Structure formats: C-alpha cells, structure tokens
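Visitor: I would like to learn how to read a few features of a protein model, one at a time. Could we begin with a single residue and work outwards from there?

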Amino acid sequence: KLNEVITNNDAFDTLMEQSEQIEEACGKFRALMKEQLDRAAAIKAQGDFIDYNSLDTVTIGLCGGDGIGPVIMAETWRIAGELLKEEIASGKICLKEIKGLTLENRQKAGKAIPDDVMAELKSCQVILKGPTTTPQKGQAGPNIESANVAMRKALDLFANLRPVKVPELGIDWTFFRENTEGAYAVGSKGFDVSRDLCVDFTIVTREGCRRIIQAAFDFAEKNGKTMVTAVTKANIIKTSDGRFLEIFHEIGDKYPQIVKDERYIDIMTANLINERNRSSFQVMVLPNLYGDILTDEAAQLQGGVGTAGSANIGKRYAMFEAIHGSGDRMVAEGRAAYANPASILRALAMLLSHIGRQDKAGVLDKALDICLIEEKKVVVTGHPDGASCRQFGDYLLKTIKTAAR
C-alpha cells in the first residue's frame, strides 16, 4: 500500500511538472506567433523597389567584419575607388566605412547588430559586407544571433541571389534563396520545454514564399531561361515546404513558356555533381536552409566558396557579401594577408550592376575572369606559397585598366 501511494505521488508530481512546462512553452509560442503574424502583415504593406537613378547620391556602406574581412575589404575598397573615382569625385557615389560590425563590438552590446551600427547601415542604400563570425552555443561570450540573419531580417533582404558559372562544365546556375524565413527566421528563439525536450521552428508566410518565387520567375523570363526548379523536402516537411511548393505552382502557371521543375534537397545535392544532367539546371528557388547548403556546394564546383559572391535584395536596401566564413583559423595561423578577395570582389560586381553601373560591373567581371580563369598569373592559395591579397589586388587593378579599353 505504501509503495503504491509513493508511486502515485511521484506520477502526480511528474504530471504537474510537465503541465507547467507545457504551459510555459505555450506562452512563448503565442508570443512568437504574434510576432510572426505582425511581420507577415508588414510584408504585405511594403511599397515598390527603390529607384537608384532618382537619388542624388548613392551611399555604399563598407563593413570589414571579422577575421580576414578587413583584409579583403581593404582591397575591395581600393578596386571600388578606382572603378568609381569619377562618380565619387562628383558626389554621385559615396563610400562610407562602417567599423562596428565586429564580434567583439556585437558581444559587448549583447546584440547581433548594435543599435548605432544598425543606424549607420540604414543610412546607406547598399552595403558591401565582409564575413562575420557567429559564436556557437557554449563558446565564450554571449550567444548572439548571426549578424547576417539579423541584417536580412531588419532590412528585409528577402532574396539571396547567388550565380555560379563554370563554362567548361556547362554550368550556368542562378540560385534564389529565400532569406528571411524558414529554419533561420527565429533561429535564436527556440527553447527548452524541459531537460528532455527542446524545439526550434520553421517559419513560412504566404507572401514570403510568393515574393521570392516571383523574383525567380521574373529573372528567368528577363534572361531567356527556360526552366525554374523548386528545391524542397515537401514529401516529409509537408506543411511549410508543402506551402512553398504550392505557391511555386501557382506562380509558375503564369509563365507557361517556362518549365516548372521539382526536386528534393537530398537528391539535388547529388544532381549538382552528376555530370549527365547538371547542365540542364538554370534557375533554382529554395527555402532558406536548403539554399544555404546547396549554394556552398555549387560554389565549390566553381573553385570554392572564396570565388562566389552573394546579393541580398530587398525593396529598400540591398546587401552584397562574400559567401565564405571569416577565416578565423587563417588569422590565428598568421595567414590573413594571404586571404583570397575574389568572392567579395564578385559581390562588388553584383552591387555595381544592381545600382545601374552595369558598365563598371562588366569591366570588373571581365578582369576577374582574366585573373582567375584565363591567365592565372597571380594565384592566391591562402598560404605563403601563393600570392598575398594585396598582390592579387595589384594584378587585378592592372587588368582592369586593360579590360576597360
């Protein structure tokens, strides 16, 4: 009898504890859902894209970031200054340095992006950003959110555009990665329900899906592409990925001349290295996490993540960046001076094209192709056996003067 009473009491205490844990979790979930419904309403209320031609001055913010970021940004600033020297002199272009986007400064403020840095970012129409370090849970200092994720959300940079070209392999891909939703939308707002259970969230809104998929089909139509591929895991992640795929077909039906193609993310990672069919892919549109994974794989086929640039486009702001990390190991080993600036220079070319300076973008892209693919007279390896970042910058500047003729 006594054992039965003790056992029942233990079960009752466990049940009460679970009830309290569930109630607390439900409160957090309600607050999160309210926040996301408000965000969905704000997306619907947005106006048109900014017209750069209507501005007296286009301000470009330059953020070095962490690790090797300041090294590669110094060369990028030098190249940008040469390409835009006449417009800088006339006041049509302003290059503005933003220094505060460092891990030390962000951890000191306890925020992914400190308020004063965010104000500086919002004073620019376009931003060129070096890599930033995101600490893992358990590392020293506050476990702050990714600066990239925070910037994309705060500036509503919903479209992550990543081109990858390898002509000799027949590869000419353009990825449209949704940038503000999915598994990354509230990555720092998951919580422990109990010691035995924790949850994270995948957030999808109808308008968030619609605008990225629309951007992909518009790009395909304007650039003579004949197929758009949606990459999901809708057979397993049925609700959120299913919604993405549903809207893909709704929008795709308005473009009868463009083939609507579906792939699952697991087999798509294999398709990119399948020599028989990889050249058939053209434009790909993906939820956030899948896009992050697949574009890094694609960049490796181009020569590594150090060779690819990335555009983050919104209606009011745009941010361009290298897609590689901050190279903290390179810094620790004293190799920062040998970092490859190619990725952020590709991003600069995308930035120039975005603000209507296609001629300057064309010169830079042509010079990069010559330096990286055709001539390869100065090769950066990331080690002292190769060229330094500065030496590559010198080589590129000389090539730009030739390419501009």
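Guide: Let us begin with Arg-39, which lies in helix α1, residues 2-44, and bear in mind throughout that this is a predicted model.

Visitor: With which residues is Arg-39 in contact, leaving aside its neighbours within four places in sequence?

Guide: Once those neighbours are set aside, Arg-39 is in contact with Thr-180, Glu-181, Ile-203 and Thr-205. The side chain of Arg-39 also makes a polar contact with the side chain of Gln-36, at 2.8 Å. For a sense of distance, Leu-103 is 64 residues from Arg-39 in sequence, and the two C-alpha atoms are 27 Å apart in space.

Visitor: Glu-181 is in that list of contacts; which residue has a polar side-chain atom 3.1 Å from the backbone oxygen of Glu-181?

Guide: That residue is Asn-288, a polar atom of whose side chain lies 3.1 Å from this backbone oxygen. Asn-288 has its place in helix α10, residues 288-302. Not counting residues up to four places away in sequence, Asn-288 touches Arg-177, Glu-178, Asn-179, Thr-180, Glu-181, Gly-182 and Tyr-184.

Visitor: Is Asn-288 buried or exposed?

Guide: The cut-off for buried is a relative accessible area under 20%, and Asn-288 has a value of 1%, so Asn-288 is buried.

Visitor: How should I describe two helices that pack against each other?

Guide: Two packed helices are described by the angle between their axes together with the distance between those axes. Here the axes of helix α7 (residues 206-222) and helix α8 (residues 240-252) come within 9 Å and cross at roughly 45°. That angle makes α7 oblique to α8, and the crossing in which α7 passes α8 is right-handed. On the α7 side the contact is made by Arg-206, Cys-209, Arg-210, Ile-212, Ile-213, Gln-214 and Phe-217, while α8 contributes Arg-243, Phe-244, Glu-246, Ile-247, Phe-248, Glu-250, Ile-251 and Gly-252. By character, the residues of this contact divide into eight nonpolar, two polar and five charged.

Visitor: How many of the eight residues of helix α6 are buried?

Guide: Six of the eight residues of α6, which spans residues 147-154, are buried, so this helix is largely enclosed by the rest of the structure. The buried residues are Ala-147, Asn-148, Val-149, Ala-150, Met-151 and Arg-152. The N-terminal end of α6 is capped by Ser-146, which has a side-chain oxygen 3.2 Å from the backbone nitrogen of Asn-148.

Visitor: What should I look for in the backbone angles after a helix?

Guide: Most residues other than glycine have a negative phi, and a positive value is therefore worth noticing when one reads a backbone. α6 is followed by Asp-156, whose phi is positive, near 50°. Asp-156 is in the loop between α6 and β4, residues 159-166, and, with 14% relative accessibility, counts as buried.

Visitor: Which residue takes a positive phi just after α13?

Guide: That residue is Lys-376, with a phi of about 55°, a positive value in a residue other than glycine. Lys-376 lies in the loop between α13 and α14, residues 389-403, and counts as partly exposed at 48% relative accessibility. As for helix α13 itself, residues 358-374, the buried residues are Ala-361, Val-363, Leu-364, Ala-367, Leu-368, Ile-370 and Cys-371.

Methods: Residues numbered from 1 in each chain as written. Predicted model: local features only at pLDDT ≥ 70, side-chain atom pairs only at ≥ 80, totals over all residues. Heavy atoms only, no water. Axes fitted to C-alpha atoms, helices over the stretch in contact; angles between N-to-C directions. Helix = DSSP H or I, 4+ residues; strand = E, 2+ residues; numbered from the N terminus. Parallel < 35°, antiparallel > 145°, perpendicular 65-115°, else oblique. Left-handed = near helix turned anticlockwise from the far one by under 90°. Contact = heavy atoms within 4.5 Å. Nonpolar A, V, L, I, M, F, W, Y, C, P; charged D, E, K, R; others polar. Polar contact = N/O pair within 3.5 Å; in protein donor to acceptor, adjacent residues only side chain to side chain. Buried < 20%, exposed > 50% of the residue type's maximum accessible area, 1.4 Å probe, protein only.
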